[in-house]
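Work through the following exercises with the coordinates open, and try each task before reading its solution.

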Amino acid sequence: MTSARCFIVAIDGPAGAGKSTVSKLLARRLGFSLVDTGAIYRCVALLARRERIAYDDDARLGELLGRVHIHFQVVGEENRVFLGDEDVSGEIRSPEISMAASQVSGRPVVRAGLLQLQRRLALESSKGSILEGRDIGTVVFPDADAKFFLEASPEVRARRRFEELFQKGVESSLGDVLADQTKRDKDDSARAVAPLKAADDAVRVDSSSLPLSEVVHNMEAEILRRMAARG
């Protein structure tokens with residue numbers, strides 16, 4: 001991580017704040033690579049579930065990490081996630097895997113094991129990379145060139161998630177989604193290792209009442225300003 005590295009943008013925030021959509025649009029507009037770190041943890045959770053590994057079994061989780069091969073591919077409007085040669089983009093977004101990912105991501109062995117993978121994926125870009133997650137600006141790239149913390153009210157975030165699940169044909173209720181989200185927020189914020197929090201120098205963006213276009217426009221303007229300053 002020297003001064004010669006590509007431009008790094010860190011976008012952190014809780015589930016449902018709009019990180020994935022905003023990151024995808026920014027990456028496309030700027031010509032940057034996109035690294036969805038949450039998807040990486042979801043892939044680990046999916047593999048653990050498939051192999052019946054307890055989410056707190058550090059020994060087996062550590063062994064599992066050596067067999068995790070992940071890459072991203074933009075297909076149309078989507079940033080598809082591949083586990084080996086298998087497209088798991090849909091499977092890793094289920095409510096069960098969401099909760100499982102929150103559990104495995106709190107294990108120090110998992111976070112340490114995936115740290116270098118996240119950095120490597122980002123630094124492969126020749127122009128710049130956008131990383132979205134919960135600890136990008138605080139742990140993965142504390143020296144990111146631009147840091148944002150995207151947030152929204154719990155009710156707005158739950159509604160967005162409910163609509164997303166509905167469009168995918170996943171049966172749920174708004175009450176269940178809000179309950180799952182509340183538990184995940186608590187788990188992510190209270191964990192001892194890399195808790196969900198805004199970096200001290202992050203630009204905080206509340207998307208509760210802002211249209212998506214305005215959120216993206218404002219963040220893009222800040223990124224371009226910093227790119228110009230960096231030269």
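## Pockets, a cavity and a sheet

Strand β3 gives four residues to the lining of the second largest pocket, which is the largest share from any element. The model is a predicted one, and the exercises below start from this pocket.

**Exercise 1.** Describe the second largest pocket by its volume, its lining and its place between the domains.

*Solution.* Begin with the volume, which comes to about 280 Å³. Next, take the 17 lining residues, of which S33, L34, F72, V74 and N79 are the closest to the centre of this pocket. At least two lining residues come from each of α1 (19-30), β2 (33-36) and β3. Sorted by class, the lining of the second largest pocket holds seven nonpolar, six polar and four charged residues. Finally, because domain 1 (8-32 + 128-226) and domain 2 (38-124) both contribute to this lining, the second largest pocket lies between them.

**Exercise 2.** Determine how the strands β3, β4 and β5 are arranged, and which helix lies across them.

*Solution.* The three strands form an open sheet in the order β3-β4-β5, with antiparallel pairing. Its edge strands, each pairing on one side only, are β3 (70-75) and β5 (86-87). Turning to the pairing of β4 (residues 78-83) with β5, one finds two bridges between these antiparallel strands, and L83 stands opposite E86 in β5. As a last step, add the helix: α2 lies across β3, β4 and β5, and runs at about 40° to β4.

**Exercise 3.** Find the cavity of 30 Å³ or more and identify what surrounds it.

*Solution.* A search of the whole structure yields one cavity that reaches this cut-off of 30 Å³, and the volume of the largest cavity is about 110 Å³. Its lining consists of 13 residues, with G38, Y41, S105, R134 and R184 the closest to its centre. Two or more of the lining residues come from each of α2 (37-50), α4 (95-104) and α8 (174-190), and α2 has the largest share, with three. The lining of the largest cavity comprises two nonpolar, five polar and six charged residues. Since domain 1 and domain 2 both supply residues to it, this cavity lies between them.

**Exercise 4.** What volume does the largest pocket have, and which residues lie nearest its centre?

*Solution.* The largest pocket holds about 1300 Å³ of space. Its lining has 46 residues, and those nearest the centre are S20, T21, R161, E164 and K168. Helix α7 (residues 154-167) provides the largest share, six residues.

Technical notes. Residues numbered from 1 in each chain as written. Predicted model: local features only at pLDDT ≥ 70, side-chain atom pairs only at ≥ 80, totals over all residues. Heavy atoms only, no water. 1 Å grid on protein atoms, 1.4 Å probe; cavity = no way out; pocket = protein on both sides within 12 Å on 5 of 7 lines; lining within 4 Å. Points joined across faces, edges and corners; volume = space filled by probe spheres on them. Nonpolar A, V, L, I, M, F, W, Y, C, P; charged D, E, K, R; others polar. Domains from an automatic or database assignment. Pairing = 2+ DSSP bridges. Contact = heavy atoms within 4.5 Å. Axes fitted to C-alpha atoms, helices over the stretch in contact; angles between N-to-C directions.
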